[in-house]
Amino acid sequence: MDAALLLALGLLAQSLDLSWGDPGRPGILHPWRRLPAPGRVRRAWVIPPISVPENYKGLPYMLVQIRSDKRQPGGVIYSIQGPGVDEEPLGLFSVEKFSGRVFLNAELDREKTASYRLKVFALDLGGSVLEEPTDLEIVVVDQNDNRPAFVREVFAGRVLEGAAPGTYVTRAEATDADDPDTDNAALHYSILEQGSPELFSIHARTGEIRTVHVGLDREAVAVYNLTLQVADMSGEGLTATASAIISVDDINDNAPEFTRDEFSMEATEAVSGVDVGRLEVEDRDLPGSPNWVANFTILEGDPSGHFGIRTDPRTNEGVLSVVKPLDYESHAHYELRVSVQNEAPLQAAPTRIQRGQARLSIRVQDINEPPVFPENPLRTSLAEGAAPGTFVATFSAQDPDVEQLQRVSYSKDYDPEDWLQVDGATGRVQTQRALSPASPFLKDGWYRAVVLALDDGSPPRTATGTLSVEILEVNDHAPALAPPPTPSLCGEPDRGPGLLLGATDQDLPPHGAPFRFRLSPAEPGLGRNWSLSHVNGTHARLRPRHALPEGLHRLRLLLQDSGQPPQEREQPLNVTVCRCGPGGACLPGAAALRAGGAGVGLGALALVLGSAAALLLLVLLVLLRARFRPRSRDRSLLRGPLDDDLRDNILNYNEQGGGEEDQDAYDLNQLRHPSELAAPSFPPGRPPLRREAPLGRGRPQAPRPPPASPADIASFIRDGLQAADSDPSVPPYDTALIYDYEGDGSAAGTLSSPVSSLGDEDQDYDYLQDWGPRFARLADLYGHP
């Protein structure tokens, strides 16, 4: 045996992993085992992979014999586990338990399972483990038992006509279930049939289909059918076929053409939106595509744009229509020149002269046209509240049939409020009654009416005109101040949000907002204490400029709108300045009293109360002194520096008996401006007496002349008292009263009735300013704001 054979036997023995059963005992030499080195036994339990061809028919087939050298033959029990044994698929492999031979029991399919990994066990007869389990791998060797298959039966591709050689079209794809690392799955593509000439090729390995030659013309051949083949074993094995359908896409290589050089048509005047005729064209490109759709253009002959040409999408013909009414009287005949092009630009030069332009002759037919309103709709405006008979507009129409003498009459067609009156001969429109601003037919300030114009032609024609009247808003309302929900604010300028003021206006824009808020310029003092800041068009914010005392403050605001001319209104505003709490909010009454540092302290409050008590005491003393002061009938009324004029002095008098109601017995006019009074004149008969005086008692006294100067007033009063005491017509139950002049010009005013003035506005408290700082608080509370 030569060296090569020995080496092969050694490698085979090593690959089979067979050894002696017991290394301690001499045994039978096996041809797969190397002799161990002296003094040492080599054991090998690792088994190399075993290759088995798929679809092997000679079954059962021994794959390998496994041996353990831990026991003598017959003393070891072998077993295997794994896929193909006790796992799916079951029954493919088996082992003889005493000999260790492993058998293949069924055909293998590599496409289902490419390899099997089994576990090998060696046990002694008692069931004890002799060897650690080892792996046995069985590799299934591929056979060319699968045909290649295309992924689809038909492959589709598209290519533009006129494409250059080498243009990619599509790609065919096939698969093979055999081992891809062998020639069994090495695929080769080819074209079996494509017709003549051969315009396409396919790459043998990738399956890409490309153009080979020029000459693709959709108008000649639109679709190409190719028969494809794929074979394994690099083209020498099993085969399969499929089809490829290649569509040639259209390009605009054919321009549209008119079928004639000239077209003749007729159109009726005074109508629009009607079709006149059709222009026929031809195009060889793909119908429905932008390369086929025709666009028509009027090149000349229609400067006013009376005609239009649209394309019929079904026939690709040009449809001529009238888009603006024609007028026979001004233009009776039209000569048009039109052209046609595709939507898509032409991509190839024409091979011959094409008919891309044509002439179009149009004759206009004369008819009776309706009157025409020169301005329709007619828009005008009127101020709201216009009186009946107010001129609105002259809505007249013209008859375009100048060759016919016709008369036009006018009438109303739509006037929902019956507000207007139309003159039937002239079309003059005027109001016949006032229009209510609340009319439901006023839409956004516009009133719409429809007027008809009728001619007397044959047949008569009617024109409809729309009259739109804008009712102009008049700025007749001044803005009004909206009462604030809480008219109170913090008296410190830097605390609180202030008082938000709003205003409203009954007028509509633009005579309403934005509003202008101002403090009344009639009271300059307001600007020193208050400020107004703009918030938006309808609101402003009121704030104090400095700390203000608590209580009621009367302000006057001037509000102005944005109308032309603007309307303004001065309005009072009562604002309560309160004690400030956290965040500038007003404290309630009880909380305000408890807030020690937030307002008037205890000492200041005591000072105010003490001042009020002192004032009341002083007033009481003055009243008591005036009550009990002794009267003087002579010089007491005239004593002092004001002896010349007693009108500015408050004189004491006592009321007894009937009181003020018992004044009818005296002529008080003699006490008012005695120097300016003329001698009283009475009607014939006795002078007027008191109501209570009984008639017919005593003789009436002759009237006395008034005093000539203020110095004679005392004597005049004294003589009057004596005359009253001795007058028998005066009832004796009244005592004489002492009066002094209290009329116009007196600084004290009249004291005739304590309730003659009920409002603080009639009182003047400025004299309190002279009573010292303790009474300034009272002047602020009760004086003018």
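These are my notebook entries on what I looked up in this structure.

**Entry 1: the whole chain**

I began with the overall picture, keeping in mind that this is a predicted model. I counted six helices and 40 strands in the chain. Of its 785 residues, 34% are buried. I also looked at contacts between residues with a separation of 6 or more: 66% of them join residues 24 or more positions apart.

**Entry 2: how confident is the predictor?**

Next I checked pLDDT, the predictor's confidence in each residue. The mean for the chain is 77, and 72% of the residues reach 70 or more. Which elements have the lowest and the highest mean pLDDT? I found the lowest, 37, in helix 1 (residues 3–16), and the highest, 96, in strand 23 (residues 318–322).

I marked two stretches to read with care. Over residues 590–604 the pLDDT stays under 50, and the model has 10 contacts there beyond four places in sequence. Residues 733–738 also have pLDDT below 50, with 19 contacts in the model beyond near neighbours in sequence.

**Entry 3: a three-stranded sheet**

I then turned to an open sheet of three strands, which run in the order 2-5-4 with antiparallel pairing. Strand 2 (61–65) and strand 4 (93–95) are the edge strands, since each pairs on one side only. From one strand to the next, the twist averages 25 degrees.

A reminder to myself: strands of a sheet pair through backbone hydrogen bonds, either parallel or antiparallel. Here, strand 4 and strand 5 (residues 101–104) are joined in the antiparallel sense by three bridges. I picked out one residue pair to look at: F93 has L104 in strand 5 as its bridge partner.

**Entry 4: two faces of strand 36**

In a regular strand the side chains alternate between the two faces of the sheet. I wanted to see this for myself, and strand 36 (residues 516–519) shows the alternation. F517 and L519 point to one face and are buried, while R516 and R518 point to the other face and are not buried.

What does strand 36 pair with? Its partner is strand 39 (residues 551–560), in the antiparallel sense over four bridges. Within strand 39, I found L559 standing opposite F517.

**Entry 5: A122**

I looked up A122 and found it in strand 6 (residues 115–124). Is A122 buried or exposed? Its relative accessible area is 0%, and buried means under 20%, so A122 is buried.

Leaving out residues up to four places away in sequence, A122 touches W45, S68, V76, I77, Y78, S128, V129, L130 and E131. I followed up on S68: it is 54 residues from A122 along the chain, yet the two C-alpha atoms are separated by 7.0 Å.

**Entry 6: N368**

N368 sits in the loop between strand 25 (357–365) and strand 26 (378–383). I found this loop residue buried, with a relative accessible area of 7%.

Which residues does N368 touch, not counting those up to four places away in sequence? The list is D401, Q404, Q406, D455, G457, S458, P459, P460 and R461. I looked at P459 again, where the backbone oxygen lies 2.6 Å from a polar atom of the N368 side chain.

**Entry 7: the disulfides**

Last, I went through the cysteines and found two disulfides.

The link between C490 and C580 has its sulfur atoms 1.5 Å apart. The torsion about its S-S bond is about 95 degrees, so this disulfide is right-handed. C490 lies in strand 34 (residues 488–490), and C580 in the loop between strand 40 (568–578) and helix 3 (589–594). The pair therefore ties together parts that are 90 residues apart in sequence. Both ends are buried: C490 has a relative accessible area of 4%, and C580 has 6%.

The second link joins C578 and C586, with sulfur atoms 1.8 Å apart. About the S-S bond I read -70 degrees, and the link is left-handed. C578 counts as buried at 12% relative accessibility, whereas C586 is partly exposed at 32%.

How are the bonded cysteines paired when numbered in sequence order? I noted the pairing as 1-3, 2-4.

Definitions and conventions:
Residues are numbered from 1 along each chain as its sequence is written. This is a predicted model: local features need pLDDT of at least 70, side-chain atom pairs count only at pLDDT 80 or more; totals for chains, interfaces and linings use all residues. Side-chain values use heavy atoms; hydrogens and water are left out. Buried means under 20% relative accessible area, exposed over 50%, partly exposed in between (1.4 Å probe, protein chains only). A polar contact is a pair of N or O atoms within 3.5 Å; within protein, one must be able to donate a hydrogen and the other to accept it, and residues adjacent in sequence count only if both atoms are side-chain atoms. Contact means heavy atoms within 4.5 Å. Two strands pair if DSSP finds at least two bridges between them. Axes are lines fitted to C-alpha atoms, for helices over the stretch in contact, and angles run from 0 to 180 degrees between N-to-C directions. pLDDT is the predictor's confidence in each residue, from 0 to 100. A disulfide is a pair of cysteine sulfur atoms within 2.5 Å.
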